[in-house]
Structures are given as structure tokens and as C-alpha cells.
Amino acid sequence: MRDFAHRLQIDSIRDGDRLDLTADEDERAGIATRLDLLALDRLEAHVMLHREGKTVKCDGRVKAQLAQACIASGEPVPAAIDERFSLAFVPAPKIDAPEAEVELGGDDLDTMFHDGQAIDLGLAIADTLALALNPYPRGPAADEALKAAGVLSEAEAGPFAALAKLKGGSTSE
């Protein structure tokens, strides 16, 4: 099993380069394991690169066919991902102390650091896929599995549920 590494030397990137990447079976298996997916049947990305000195910006789209485990029953929940993304790869900041924190602002949310030599586009694509996943996938049997486990529904646990019980239980006069 290998990861989806696609390191690109910064000096070889030309402004306007277009890349189409498709993960093979081993790469998909590695990503599926890393992201705790039941299956990753397809992963491809289409990227346009723009270079400004040591900063590389990429705009693209990641597409995937996958299956996640239902949060309640564990059954496969199929999903199709088609997500646009924009990233900026910038040189890693020089940090004097190893435990020093790097503070990012709101405009830096889609920023990834590089070593000054190369960017790892494959890792960025896998991370983009991770962010596009449903954090709480629910299959058709989720409600039934949750009820069997004793988990209350929102209606049963909501602020008016206790009032509804009192009103319904006090009708014997």
C-alpha cells in the first residue's frame, strides 16, 4: 500500500501548468485506510498551477466515489465527492523555537507549507478529500440502530420533550 505522493519540484512548475491526477488501486487503498473509509473506488483531481516565486497557487477539483461507515450501524454509506478547491503552497516560516506556534489568519486557511524545494500535491488532494467527507454519515438503518442503542432522537431529547411527556401523562382525571 502506498500513499498518493505527487511531489513537484517548484523550479519545474510553469505558470499555467495543468495536471490531471488519478490515484491507482494501491494509492486509493492507502488513502482509504488513512481516512477510515470502507472503500475508495475512484479518486481524481484536475489542477491548474500558478507560480509566483516560491509561492505556488493551485485551483482545481477533486472527484471521488467512496463508501463511509454509517455512524450508527456501520453499514456502507456510498458518497460521490465533487469539490472545488484553491490552495496556496508557501515556504515554511523560519521558527526559532521548536515549540513556537505559527499563527494563521482567515486568509491563510487554505495555505500549506513547503520546504522551499517541492510541493506535495498528492497530500494536498488527499487532505482536500478528507475535508469534503460527511463527518456523520447516516445509512438507512441509522435511526433504528440509534433507537436500539437507547439514543434519544432530537424530538425526544429537545427542550419541549419533558413538557410533552407531562402533558401526555396528566390526562387521567
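User: In this predicted model, which residue's backbone oxygen lies 2.8 Å from a polar atom of the side chain of T128?

Analyst: Let's start with where T128 sits: helix α2, which covers residues 121–132. The side chain of T128 has a polar atom 2.8 Å from a backbone oxygen. That oxygen belongs to A124.

User: Does T128 count as buried or exposed?

Analyst: The cut-off helps here: a residue is buried when its relative accessible area is under 20%. T128 comes out at 10%, so T128 counts as buried.

User: Which residues does T128 touch, leaving out those up to four places away in sequence?

Analyst: A124 supplies the backbone oxygen we just met, but a residue four places away isn't counted in this list. With those set aside, the residues T128 touches are V62, F85 and L87.

User: Which residues of α2 are buried along with T128?

Analyst: T128 has company in α2. Even A124, with its backbone oxygen 2.8 Å from the T128 side chain, is on the buried list. Besides T128, the list reads L121, G122, A124, I125, A126 and L129.

User: How far does α2 reach from its first C-alpha to its last?

Analyst: α2 has 12 residues, and at 1.5 Å a residue the expected span is 16 Å. The model comes close to that, with a reach of 17 Å.

User: At the start of α2, which residue has a side-chain oxygen within 3.2 Å of the backbone nitrogen of G122?

Analyst: G122 is one of the buried residues of α2. A side-chain oxygen reaches to within 3.2 Å of its backbone nitrogen, and that oxygen comes from D120.

User: And what caps the N-terminal end of α1?

Analyst: α1 spans residues 25–34. At its N-terminal end, look at the backbone nitrogen of D26: a side-chain oxygen lies 3.1 Å away. The capping residue is D24.

User: What do the buried residues of α1 pack against?

Analyst: First, who they are: E27, R28, G30, I31 and A32 are buried in α1. Their packing partners are two strands and a helix, namely β2, β3 and α2.

User: What is unusual about the phi of D36?

Analyst: D36 follows α1, in the loop that leads on to β3. Most residues other than glycine have a negative phi. D36 isn't a glycine, yet its phi is positive, near 60°.

User: Is D36 buried or exposed?

Analyst: To count as exposed, a residue needs over 50% relative accessible area. D36 has 66%, so D36 counts as exposed.

User: How many bridges join β3 to β4?

Analyst: These two strands run antiparallel, and one pair of bridge partners is A39 with A67. Their hairpin has 2 residues between the strands, where G53 takes a positive phi near 65°. In total, the bridges number 13.

User: Over how many bridges do β4 and β5 pair?

Analyst: This pairing is also in the antiparallel sense, with K57 partnered by A88 in β5. The hairpin here has 6 residues between the strands, and G74 takes a positive phi near 80°. The bridge count is 14.

User: Zooming out, what share of the protein's residues count as buried?

Analyst: The protein has 5 helices and 7 strands, in the order β-β-α-β-β-β-β-β-α-α-α-α from the N terminus on. It has 173 residues, and the buried share is 31%.

Terms used
Residues are numbered from 1 along each chain as its sequence is written. This is a predicted model: local features need pLDDT of at least 70, side-chain atom pairs count only at pLDDT 80 or more; totals for chains, interfaces and linings use all residues. Side-chain values use heavy atoms; hydrogens and water are left out. Helices (H or I, at least four residues) and strands (E, at least two) are DSSP runs, numbered from the N terminus. Buried means under 20% relative accessible area, exposed over 50%, partly exposed in between (1.4 Å probe, protein chains only). A polar contact is a pair of N or O atoms within 3.5 Å; within protein, one must be able to donate a hydrogen and the other to accept it, and residues adjacent in sequence count only if both atoms are side-chain atoms. Contact means heavy atoms within 4.5 Å. The expected span of a helix is 1.5 Å times one less than its number of residues. Two strands pair if DSSP finds at least two bridges between them.
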